Amino acid sequence: MSAAVAKMEDNPPLAVHRCRFVDYAPSAITALAFPRLALPSLKDKKKPLGKKSLRPGTLAIGHANGNIDLCEWSGSEHEYQSSQAWVSQKTLSGPYPSKVDSLAFVIRHPDDFGPDDVPTCSDLRLFSSGGGSELLEWDIDASRVRRTISSQGGSIWSMAVNPASSMLALGCEDGTVRLLSLAHDTLTHHRRFDRVKCRVLSLAWGPPVARQRNQPPSNDPTSSDDEDEDDWTDSWLVTGGSDSSIRKWDISTGRVLDRMGTDKIRGERTLVWAINVLGDGTIISGDSLGMVKFWDSRTCTQLHTFNAHGADVLCLTVGPDGSTVYTSGVDQKTTQISLVKTTNPDKSATNSAPSSSRWVQTASRRMHSHDVRALAMWPPYTPLPSVYMRQSPTEVAPVLASGGLDMSVVVTPAALPSSTVGKVVNPLCTSAESTFEDSYHRRLAYTSGPSSTLAIQVSPTARLILCMRETGVTIWSIPNRATLPGNENLDDEDGSSPQPWEKLMEMELSVHTNLVASAISNDGQWLVASDFYTTKLFRLQINPKKQIQPKRIRNFSSILQPHMLKSSTSTGGLAFRFTPDSSKLIMSTTMTSDVLVIDLGTGDDSPRVLRKFDHHRMSDSVSRGRTIKGRQVHGAAMDRRSSGESESEAEEDGSPINAKILRMAVSPDGQWLATSDNQSRTHIFNLDSIQYHTTLPSFAKPAQALCFDPARPSSLMIAFPDNTMQIFDVESRQFPDWGKELCSSLPKRLKSAHDPILGLTFDPEPPKSNSNQQYVLVWGSTWMCRLPLYQAVTGGDWNKKRRRDGTKRPAPYLTGEESLQHFKMITHYRPILCVDFLSPRELLVVERPLVDVLSTLPPAYFKHRYGTS
């Protein structure tokens with residue numbers, strides 16, 4: 001750790017503790033998935049498909065620790081460019097221990113969607129497998145496992161969904177392929193294929209065949225247009241095995257139609273790790289020799305072979321129009337193979353030379369430092385006959401996503417050179433170029449906690465740092481430092497001075513899932529941590545050896561259980577906040593979406609629940625998914641919730657909403673509580689009277705960070721994934737004009753930063769002189785900026801009457817242009833896990849450099865070439 005002095009213009013120097021000793025380790029990426037698109041209707045074959053650009057869909061990221069991140073596009077509804085790209089909005093906490101090897105999205109009701117409709121999370125089903133024999137289906141809204149089913153064939157090595165979203169195929173350890181029916185939102189075994197003497201490492205469905213259902217007689221009065229439905233049927237699928245072979249299967253009989261053999265070296269078996277199918281029936285395979293092969297599905301003969309990689313090909317994906325193939329694997333290289341048009345030179349010049357096409361290896365890039373385990377493409381490719389093929393628009397470049405052992409998702413534009421004749425938009429805003437070969441790629445920064453929350457928490461008064469891992473927590477102490485003079489730089493990493501930090505506690509917890517939230521009190525005497533099902537509260541005491549001894553409150557779950565729904569056995573929490581005086585704990589529940597205010601008591605007193613707020617579960621003030629300002633819940637229900645009556649009575653006044661409260665903030669004076677959920681709804685509560693106060697109008701996106709201004713405790717600042725902000729005065733219940741002006745004129749450099757806002761923090765000591773400005777520190781994973789809000793107030797504080805008047809901007813506040821003049825951004829701290837103030841003018845910045853993270857991994861594949869350095 002090093003302590004330095006950072007000078008801010010018009011303000012005193014700022015002491016910065018640059019901490020790199022926190023050994024947080026993100027989890028490797030093992031699977032990626034985009035939602036598939038529905039099949040087109042067969043009623044009108046001549047109708048052109050896919051003329052409009054598609055808004056990017058949800059990106060699912062599977063990790064080696066069993067967690068699944070669901071990332072949403074940060075751009076607006078009709079905006080195809082976004083500097084922040086995909087931002088994690090929800091994390092599905094995996095059972096412990098577990099991992100994610102495969103992911104698959106399925107459209108729940110595919111008949112309700114057209115080929116140009118992008119399904120949202122509420123329209124999708126998500127399946128995962130983790131190397132065992134159990135297939136998991138996730139309840140995305142509730143963030144938990146919905147149901148499991150056994151493969152009945154040992155470990156699941158591969159899985160794939162058919163184009164119609166009605167069937168799921170599993171490749172098993174015992175050499176069988178098992179089909180599961182997904183019709184009508186079910187999950188049942190449908191058929192088992194013949195067994196072969198090898199593992200089924202990969203599989204893919206062949207192009208569906210159009211089939212017209214029998215129409216009822218035209219003179220039947222009960223016949224209608226709805227009965228004349230179109231249908232698709234699957235005819236075959238292909239599997240890659242561990243015995244150097246590729247097999248084509250008949251779906252109706254479950255028997256092998258043909259077998260294709262891959263190359264071998266010295267008699268050793270070749271593993272076919274990846275396989276895919278094009279709309280014309282061409283089969284593509286990637287194997288352990290680094291070979292990418294193209295096969296004719298009709299004759300089952302080899303068409304092309306590319307020695308594309310120096311080691312195993314672990315994954316491959318197909319471009320949106322089926323004319324590009326991307327492969328990657330152990331050698332960290334991503335290769336593009338394209339279908340290019342060629343002309344026959346033997347034809348005479350007088351005759352028009354007919355064009356033909358052939359596959360060519362066109363580009364290769366190294367965007368990762370270790371093995372690449374997964375590739376995904378948006379828009380997704382659906383193998384269909386050419387007459388039904390969706391025509392991908394060329395004005396917006398497709399995006400290739402990749403991930404592997406280096407723990408970061410890399411996204412890159414992947415437009416073909418032939419499509420750049422006109423103007424092609426780069427959706428990632430990384431460069432003017434949009435082709436795979438020439439464009440700049442982007443590395444999506446990893447966040448320390450689930451759902452883009454922070455796993456690093458700071459206790460300013462006790463000067464403690466809390467780090468949450470999958471199953472445990474660690475606490476470090478930061479000793480006091482003397483005030484640093486002018487531009488002095490003190491660095492304790494060279495060993496010339498005593499160690500400036502000390503690990504006080506490392507504790508592993510017994511959990512059912514990975515931990516989802518944790519917090520430490522301001523005075524360092526309380527610690528809370530929770531998995532999805534159980535919240536554990538500890539009282540912390542420091543012994544003479546300067547080590548923390550935690551004492552668990554054993555009856556805490558029994559204290560919480562009476563305030564949960566009768567149908568729920570979970571006492572887990574998604575977010576925690578301690579009040580500034582460390583006397584109360586605020587928590588949001590995992591399953592019931594309630595907010596609990598808990599009095600921690602003094603001495604040997606047991607904690608007790610003071611109040612439960614269930615406003616996030618109610619839909620009374622919601623219209624079409626948006627909260628309407630000024631529309632309150634029904635009077636009777638409001639009275640019952642205010643008086644603390646049971647939730648069963650309150651539920652009758654409005655249908656419950658399955659929202660997840662992920663962001664909470666408490667004002668520095670302990671009076672106000674702000675809570676925000678993933679449905680973009682924010683509620684304000686008064687902690688003095690322990691009552692509901694007001695509801696903010698919902699915004700287009702859920703809040704990314706909440707923070708109160710210590711100089712104006714009623715001013716709430718809200719940041720969003722697209723790096724926009726809003727300021728709300730909770731006392732006057734309105735957005736002040738000065739806040740509107742400031743938020744509408746945010747610096748372009750802030751709004752176009754390539755990482756989303758992760759946090760907001762204020763200096764706890766307000767400015768005391770007119771020459772000083774009150775500013776907010778806004779930070780993301782790779783940047784930190786200072787945004788001035790107003791000049792210091794002299795001659796007394798604002799009175800309440802002026803504070804409640806939101807129509808006029810008080811003189812001390814800065815306009816947007818004035819704030820822009822004092823705006824400053826720095827980028828030499830990265831990647832940032834946490835930024836917070838320990839004391840006035842003393843800032844703590846916790847970093848986890850990528851080099852330190854990669855040093856914990858095994859050596860990457862490297863093959864020396866003769867004659868090269």
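Buried means under 20% relative accessible area, exposed means over 50%, and partly exposed lies in between, with a 1.4 Å probe and protein chains only. Helices (H or I, at least four residues) and strands (E, at least two) are DSSP runs, numbered from the N terminus.

This is a predicted model, where local features need pLDDT of at least 70, side-chain atom pairs count only at pLDDT 80 or more, and totals for chains, interfaces and linings use all residues. Residues are numbered from 1 along each chain as its sequence is written, and side-chain values use heavy atoms, with hydrogens and water left out.

**Exercise 1. Describe strand 4 and the strands that pair with it.**

Step 1: start with burial. Strand 4 is mostly covered, as five of its five residues are buried. Leu59, Ile61 and His63 point one way, while Ala60 and Gly62 point the other way.

Step 2: look for partners. Two strands pair if DSSP finds at least two bridges between them. Strand 3 (residues 29-33) runs antiparallel to strand 4 and is joined to it by four bridges; here Ala31 stands opposite Gly62. Strand 5 (residues 68-73) is also antiparallel to strand 4, again with four bridges, and Asp69 in strand 5 is the bridge partner of Ile61.

Step 3: follow the turn. The hairpin of strand 4 and strand 5 has four residues between the strands, and Gly66 has a positive phi there, near 95 degrees.

**Exercise 2. Work out the surroundings of His63.**

Step 1: place the residue. His63 belongs to strand 4 (residues 59-63). With a relative accessible area of 10%, His63 is buried.

Step 2: list what touches His63. Contact means heavy atoms within 4.5 Å. Leaving out residues up to four places away in sequence, His63 touches Ser27, Ala28, Ile29, Thr30, Asp69, Lys99 and Val100.

Step 3: check the polar side. A polar atom of the His63 side chain lies 3.4 Å from the backbone oxygen of Ser27.

**Exercise 3. Find backbone angles that deserve a second look.**

Step 1: recall the usual pattern. Most residues other than glycine have a negative phi, and most peptide bonds are trans.

Step 2: visit the cis bonds. The peptide bond from Tyr96 to Pro97 is cis, with omega near -5 degrees, and Pro97 sits in the loop between strand 6 (86-92) and strand 7 (102-107). Another cis bond joins Arg830 and Pro831, with omega about -20 degrees; Pro831 is in the loop between strand 58 (824-826) and strand 59 (832-839).

Step 3: visit the positive phi values. Cys300 has a phi near 55 degrees and lies in the loop between strand 23 (291-296) and strand 24 (301-307). Cys300 counts as buried because its relative accessibility is 11%. Arg463 also has a phi near 55 degrees, in the loop between strand 33 (456-459) and strand 34 (464-468). Its relative accessibility is 7%, so Arg463 counts as buried.

**Exercise 4. Describe the surroundings of Lys503.**

Step 1: place Lys503 in strand 37 (residues 502-508). At 36% relative accessibility, Lys503 is partly exposed.

Step 2: look beyond its sequence neighbours. Leaving aside those within four places, Lys503 is in contact with Asp23, Thr474, Ile475 and Trp476.

Step 3: add the side-chain partner. A polar contact is a pair of N or O atoms within 3.5 Å; within protein, one must be able to donate a hydrogen and the other to accept it, and residues adjacent in sequence count only if both atoms are side-chain atoms. The side chains of Lys503 and Glu506 make such a contact at 3.2 Å.

**Exercise 5. Summarise the whole chain.**

Step 1: count the elements. The protein chain has eight helices and 60 strands.

Step 2: turn to burial. Of its 869 residues, 59% count as buried.

Step 3: ask how far contacts reach. Among contacts between residues at least 6 apart in sequence, 59% join residues at least 24 apart. One pair to find on screen is Thr534 and Gly572, 38 residues apart along the chain, with C-alpha atoms separated by 4.2 Å.
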